[in-house]
Amino acid sequence: MEKEKITKIYEDAEREVSEIDSSEKLQETKVKFLAKKSVLMSLLSSLGLLPPEERKSFGQSLNEVREKIARLFEVKEEEIRKVELQKKLQKEQIDITLPAKNMDVGGVNPFYVVKDEITDIFLNMGFEVADGPEVETDLFNFELLNIPKDHPARDMQDTFYISENVLLRTHTSPVQAHTMQAAEGKPIRIICPGKTYRRDDDDATHSHQFAQIEGLVIDKNINIGHLKATLELFVKKMFGEKREIRLRPSYFPFTEPSVEVDITCANCNGKGCSMCKGTGYIEILGGGMVHPNVLKMNGYDPDVYSGFAFGIGIERVAILRYGIDDIRKFYQNDVRFLHQYRKKA
Ligand code: PHE
């Protein structure tokens, strides 16, 4: 009678375990058959009520069946674990062959590409980068550069005045004066990239804000040959080995002699075309030998020291380099424009 009970419990367990298909169900069934309140366990705890001679063999049978049932659960548990893992993997599978979403990556404005390229060329020649304020005094923007108050050269640079003696710098040349004063008579070899401002009407070739790179070298025995060689090297690195330069006499109050530097037109190779207006050359920068007055005013003895300076328009170089037809495009942030110059990764 008792034996039958045990067999029945085992058969029930076997059947119910075989029907389990989830870990929740498994847990539930396990409680039903093996927990304290299960039929099996209540039988075990009532062992004491049996006559002593039956107690042992019945107890043994109960324990055996309990172990067998526990085994059933172990096997089932492993089976369920495998099935559920498989399901989880299937559900979380990612298709790595799926094309990625097209992310819109920004580009570097060609202005900055060119500014960095110019800077690198001069760094490789041993120049250092200097910096100066964009809001300047009349003293640094003009007077220390040999342009006194009533000098006609001031008309060349339409100026945004903030007050009588404070203005937005019209060129990067005031950095020359700042650098000379800070160097206290020691040799100098700097470039200074930076923003400059003039009261121009904005059109395809003019902007009230633009940028220059100033260059200044001061040492003993510096002559115009050094200026020419430096600029020639710059032009060849920037525009290609085939470009020639030409120095034309010019005038700047802070350099003497002064030159405009032209390069042979990349479009026609110097023959003359619409891009260079038939001249074969395109003007790219101004420069010259630092005027003795400028040396003197900023702490250098012009009998001992000499130097050269130049100013390069960054947009101008970028325009020539990329054939851009309107200076305003650099500042408008039109992504269609910027994407054309996106650097390839
Ligand atoms: N500062 C001049 C300009 O803006 C350029 C220049 C710089 C000329 C240095 C000579 C020497 O036009």
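Analyst: Two strands count as paired if DSSP finds at least two bridges between them. Keep that in mind for the hairpin, and remember that this is a predicted model.

User: Got it. How many bridges join strand E6 to strand E7, and which way do they run?

Analyst: E6 covers residues 245-252 and E7 covers residues 255-264. They run antiparallel, with 7 bridges joining them, so by the two-bridge cut-off they count as a pair. The link from E6 to E7 is a hairpin of 2 residues. To find your way along the pair, look for Ile 245, which stands opposite Ile 263 in E7.

User: Which residue of E7 forms part of a cis peptide bond?

Analyst: That's Pro 257, which has its place in strand E7. The bond leading into Pro 257 from Glu 256 is cis, and its omega is near -5 degrees.

User: What is the strand order in the open sheet?

Analyst: Read across the sheet, not along the chain. The 7 strands go E1-E4-E5-E9-E8-E7-E6, and the pairing is mixed. At the edges you'll find strand E1 (128-129) and E6, each of which pairs on one side only. Further in, E8 and E9 pair in the antiparallel sense over 5 bridges. One spot to click on there is Leu 285, whose bridge partner in E9 is Ile 312.

User: Now the ligand. Which residues come nearest to it?

Analyst: For this, a residue is near if one of its heavy atoms lies within 4 Å of the ligand. There are 14 residues around the ligand, and the nearest are His 171, Ser 173, Arg 198, Gln 212 and Glu 214.

User: How do I read polar contacts here, say for His 171, Ser 173 and Arg 198?

Analyst: Look for pairs of N or O atoms within 3.5 Å. His 171 has a polar side-chain atom 3.0 Å from a ligand nitrogen. In Ser 173, a side-chain N or O atom is 2.9 Å from a nitrogen atom of the ligand. Arg 198 reaches an oxygen atom of the ligand instead, with a polar side-chain atom 3.0 Å away.

User: How much of the ligand's accessible area does the protein cover?

Analyst: On its own the ligand has 330 Å² of accessible area, and the protein covers 92% of that.

User: Where does the ligand sit, and which elements give two or more residues to the shell around it?

Analyst: The ligand sits in the largest pocket. Strand E5 (209-219), strand E8 (281-290) and strand E9 (306-313) each give two or more residues to the shell. E9 gives the most, with 3 residues.

User: Where is Asn 221, and what about its phi?

Analyst: Asn 221 is in the loop between E5 and helix H8 (224-239). Its phi is positive, about 60 degrees, although Asn 221 is not a glycine.

User: Last one: which domains does the chain have, and how far apart are their C-alpha centres?

Analyst: The domain assignment gives domain 1 (2-91) and domain 2 (110-341). Their C-alpha centres lie 92 Å apart.

Note on methods: Residues are numbered from 1 along each chain as its sequence is written. This is a predicted model: local features need pLDDT of at least 70, side-chain atom pairs count only at pLDDT 80 or more; totals for chains, interfaces and linings use all residues. Side-chain values use heavy atoms; hydrogens and water are left out. Helices (H or I, at least four residues) and strands (E, at least two) are DSSP runs, numbered from the N terminus. Domain bounds come from an automatic or database domain assignment. A polar contact is a pair of N or O atoms within 3.5 Å; within protein, one must be able to donate a hydrogen and the other to accept it, and residues adjacent in sequence count only if both atoms are side-chain atoms. Accessible areas come from the Shrake-Rupley method with a 1.4 Å probe; for residues, only the protein chains shown count as cover. On a 1 Å grid over the protein atoms alone, a cavity is a set of points where a 1.4 Å probe fits but cannot get out, and a pocket is an open set with protein on both sides within 12 Å along at least five of seven lines; lining residues have an atom within 4 Å of a point. A molecule sits in a cavity or pocket if more than half of its atoms lie within 2 Å of its grid points.
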